[in-house]
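Work through the exercises below with the sequence and the 3D structure open beside you. Try each task before you read its solution.

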Amino acid sequence: MDFTGINLEEVKEYVDRNGVSNIEEFFKKTLERWQNIEMNIGITGNSGAGKSSFINAIRGLDNDDEKAAKVGVTETTLEPKCYDHPTNSKIKYWDLPGIGTPKYPDLETYCRKVQLERYSAFLVFTIDRFTENDQKLAKKIQSTDRSFFFIRAKIDQNVLAEKRKRSFNEDAMLQKIRRYSLENLVDEDGKQLGNEQKIFLISNHYPAKWDFPRLTQAILDALPSFQRESLALSLGTLTSLLTEALQRKVQILKDRLWVVASASAAVAVVPLSGGVHVAMNEISFYRSQLGLPEEGSQNFEMLSESTQRDLKAIGELMAEYAAEQEATRWIPFVSGAMSYGSTCSFLKQCLEKMEKTALLVLQEAYLNFKID
Ligand SMILES: Nc1nc2c(ncn2[C@@H]2O[C@H](COP(=O)(O)OP(=O)(O)OP(=O)(O)O)[C@@H](O)[C@H]2O)c(=O)[nH]1
Ligand SMILES: [Mg+2]
């Protein structure tokens with residue numbers, strides 16, 4: 001089972017047993033799990049940038065609290081450690097070691113040891129300006145389609161230093177840092193890696209000030225959209241797994257087709273014995289194996305008009321064939337001789353039509369579950 005909650009064995013078993021019947025119910029049951037998906041946020045960036053302090057601040061703890069993450073110039077975080085968001089336990093913060101410590105001297109070693117792919121979003125902490133490491137890290141994160149926020153902590157220190165100047169203007173100073181950060185937030189080719197909304201200027205010592213509240217809100221907002229994206233991903237994966245399982249099943253039915261056609265031909269040479277029934281039974285078997293809804297059933301009514309028409313057309317095709325066979329069955333030597341070839345192509349035609357319709361049923365169930 002992966003993080004989307006899809007179990008491959010479960011999918012195969014379902015198709016083997018039910019084909020596409022009640023597929024909506026199956027989608028619903030499987031996907032109830034997506035609402036429990038956790039968002040693991042990796043807190044990363046240079047050593048000493050304020051990562052551990054941030055985790056304490058957002059959890060409302062003082063740095064010297066017993067449950068607090070270890071903080072300090074020499075209290076470097078050495079191993080990833082997990083902390084819950086204070087009001088939503090589906091959000092997990094991972095206090096990661098800083099880049100540039102003896103154990104993680106460069107980005108390559110860092111990425112390998114920290115296993116970035118384990119996290120669904122990142123908070124990238126930076127000191128003063130985005131360094132080459134930050135830029136490379138941002139690019140790496142972006143390439144994996146994970147969301148990220150850039151955080152410049154210790155803003156209180158900047159404000160304190162600026163206050164000493166006679167021309168002190170806090171807003172202008174913050175604006176300058178923001179602009180400077182944005183200009184720096186580019187990859188080695190100068191391509192912009194994020195917009196202004198992604199940059200947060202905070203102080204871990206003053207969680208009510210500057211961008212700290214906006215950051216807290218952005219993290220909370222990211223959870224439902226992350227879960228929605230996971231849902232879309234799970235649905236896509238689930239649909240393609242179901243499609244594959246269904247196609248495998250059709251292949252098995254195709255492989256036995258010639259046996260049924262031979263049996264049908266053999267029976268048909270004996271007048272009145274009804275070779276056509278052998279073929280008809282096989283088609284009923286296809287129908288139940290692929291789980292195609294019966295005309296008039298509740299599942300049938302839920303389908304789009306055009307898919308309903310396709311299903312009806314299969315029924316008509318069968319009736320037509322039965323009538324044709326019934327007529328030729330009385331002509332000696334002709335029916336048996338023709339039967340094998342025509343039954344073969346008839347069964348094949350039916351199976352292909354049924355497969356196409358089963359896939360349509362699957363697609364419709366998938367689209368019904370799509371949410372904005
Ligand atoms: N003034 C001020 N100091 C801060 C702030 N955030 C962290 N610090 C100080 O910066 C130092 C390093 O903070 P940590 O939170 O341990 O940094 P870290 O990023 O976890 O460091 P590593 O674990 O080594 O990667 C500590 O002395 C903190 O008290 C802040 O917003 N303002
Ligand atoms: Mg730390």
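The exercises go from the whole chain to single residues.

This is a predicted model, in which local features need pLDDT of at least 70 and side-chain atom pairs count only at pLDDT 80 or more, while totals for chains, interfaces and linings use all residues. Residues are numbered from 1 along each chain as its sequence is written, and chains are lettered from A and ligands numbered from 1 in the order in which they are written.

**Exercise 1. Confidence**

Task: State the average pLDDT of the protein, and find where pLDDT stays under 50.

Solution. Step 1: pLDDT is the predictor's confidence in each residue, from 0 to 100. Step 2: the protein averages 86, and 92% of the residues score at least 70. Step 3: the stretch under 50 is residues 333–338. For these residues the model has seven contacts beyond four places in sequence; two residues are in contact if their C-beta atoms, placed from the backbone, lie within 7 Å. Step 4: where pLDDT is low, the predicted coordinates should not be read in detail.

**Exercise 2. Overall form**

Task: Set the radius of gyration of the protein beside that of a compact globule of 372 residues.

Solution. Step 1: the radius is taken over C-alpha atoms, and the globule rule is 2.2 Å times the number of residues to the power 0.38. Step 2: the rule gives a value near 21 Å, but the protein has 32 Å. Step 3: along the principal axes, the C-alpha atoms fill a box of roughly 110 × 45 × 40 Å. Step 4: the protein has 13 helices and six strands; these are DSSP runs, helices being H or I with at least four residues and strands E with at least two, numbered from the N terminus.

**Exercise 3. The nonpolar cores**

Task: Name the residues that touch the most other members of the largest nonpolar core, and the elements that supply at least two residues each.

Solution. Step 1: a residue is buried if 20 or more other C-beta atoms lie within 10 Å of its own, exposed if 12 or fewer, and partly exposed in between, with C-beta atoms placed from the backbone. A nonpolar core is a set of buried Ala, Val, Leu, Ile, Met, Phe, Trp, Tyr and Cys residues joined through C-beta atoms within 7 Å. Step 2: of the 40 residues in the largest core, Ile 41, Ile 43, Val 124, Ile 151 and Ile 202 touch the most other members. Step 3: the elements are β1 (39–45), α3 (51–58), β3 (91–95), β4 (121–126), α5 (132–143), β5 (147–152), β6 (199–201) and α8 (212–255). Step 4: apart from this core lies another, of 31 residues, among them Val 250, Leu 290, Leu 292 and Cys 350.

**Exercise 4. Two buried residues**

Task: Decide whether Met 39 and Trp 94 are buried or exposed.

Solution. Step 1: Met 39 is found in strand β1 and Trp 94 in strand β3. Step 2: Met 39 counts as buried because it has 22 C-beta neighbours inside 10 Å. Trp 94 is buried too, with 20 other C-beta atoms within 10 Å. Step 3: beyond four places in sequence, the contacts of Met 39 include Ile 91, Ala 121 and Phe 226. Those of Trp 94 include Ile 41, Ile 43 and Tyr 119.

**Exercise 5. Positive phi**

Task: Locate Gln 115 and Trp 210, and say which is buried and which is exposed.

Solution. Step 1: Gln 115 has a positive phi of about 55 degrees although it is not a glycine, and phi of Trp 210 is near 50 degrees. Step 2: Gln 115 is in the loop between α4 and β4, whereas Trp 210 is in the loop between β6 and α8. Step 3: Gln 115 is exposed, with 10 other C-beta atoms within 10 Å. Trp 210 counts as buried, with 20 C-beta neighbours inside 10 Å.

**Exercise 6. Around ligand 1**

Task: Describe the shell of residues around ligand 1 by class and by element.

Solution. Step 1: a residue is near a molecule if its C-beta atom, placed from the backbone, lies within 6 Å of it. Step 2: of the 23 residues around ligand 1, Gly 50, Ser 52, Ser 53, Thr 77 and Gly 98 come nearest. Step 3: the elements that give two or more residues are α3 and α6 (155–163), and α3 gives the most, with three. Step 4: the shell has six nonpolar, 13 polar and four charged residues. Here Ala, Val, Leu, Ile, Met, Phe, Trp, Tyr, Cys and Pro count as nonpolar, Asp, Glu, Lys and Arg as charged, and the others, Gly among them, as polar.
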